[in-house]
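Have the structure open in your viewer and a pencil at hand. Try each exercise before you read its solution.

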Amino acid sequence: MPIYEFRCHKCGHRFEKLCPMGETGKKMQCPDCSAPAPNRVMSGFCATGADGDSGGGSGCGPCSASSCGSCGH
Ligand SMILES: [Zn+2]
């Protein structure tokens, strides 16, 4: 299973978790403040097309992620 990085939208806490492929964090909670659905952050490794989020692969330059929700680009 891949390790995904998440960031709480409420308190800004960042944490990593081993998740099943395709985990989006919607069903998770922040370990710090228990806010639901932390944002998933794309970290170092490349998982283009593997997470099944949006496919495509055109992505954005700065973060090379298939979804720009993480870098705000
Ligand atoms: Zn939090």
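Here are four exercises on this predicted model, each with a worked solution.

**Exercise 1. Take stock of the elements**

Work out how many helices and strands the protein has, and in which order the elements run.

*Solution.* Begin with the count: the protein has zero helices and three strands. Next, walk along the chain from the N terminus, and the elements read β-β-β. To finish, look at burial: of the 73 residues, 15% count as buried.

**Exercise 2. Put the strands in order**

Find the order of the strands in the sheet, and explain why β2 and β3 each have one side without a neighbour.

*Solution.* First, the order: the three strands form an open sheet, β2-β1-β3, with antiparallel pairing. Second, the edges: β2 (14-18) and β3 (39-41) stand there with a single partner strand each, so one side of each lacks a neighbour in the sheet. Third, the twist: on average, neighbouring strands are turned by 40° against each other, direction ignored. As background, strands of a sheet pair through backbone hydrogen bonds, either parallel or antiparallel.

**Exercise 3. Follow the bridges of β1**

Determine how many bridges join β1 to β2 and how many join β1 to β3, then find the bridge partners of Glu 5.

*Solution.* Start with β1 (residues 3-7): five bridges join this strand to β2, and the two run antiparallel. They form a hairpin with six residues between them, and in the turn Gly 12 has a positive phi of about 80°. Now turn to β3, which pairs with β1 over three bridges, again in the antiparallel sense. Glu 5 has Glu 16 as its bridge partner in β2 and Val 41 as its bridge partner in β3. One residue back, Tyr 4 stands opposite Lys 17 in β2. Last, sort the faces of β1: Tyr 4 and Phe 6 make up the covered face, while Ile 3, Glu 5 and Arg 7 make up the uncovered one.

**Exercise 4. Look around Arg 7**

Decide whether Arg 7 is buried, exposed or partly exposed, and list the residues Arg 7 touches beyond four places away in sequence.

*Solution.* Locate the residue: Arg 7 is found in strand β1. Then apply the cut-offs: a residue is buried with 20 or more other C-beta atoms within 10 Å and exposed with 12 or fewer. Arg 7 has 17, so this residue is partly exposed. Its contacts, leaving out residues up to four places away, are Gly 12, Arg 14, Pro 38, Asn 39 and Val 41. For Val 41, 34 residues apart from Arg 7 along the chain, the C-alpha atoms are separated by 6.6 Å.

Technical notes
Residues numbered from 1 in each chain as written. Predicted model: local features only at pLDDT ≥ 70, side-chain atom pairs only at ≥ 80, totals over all residues. Pairing = 2+ DSSP bridges. Helix = DSSP H or I, 4+ residues; strand = E, 2+ residues; numbered from the N terminus. Axes fitted to C-alpha atoms, helices over the stretch in contact; angles between N-to-C directions. Contact = placed C-beta atoms within 7 Å.
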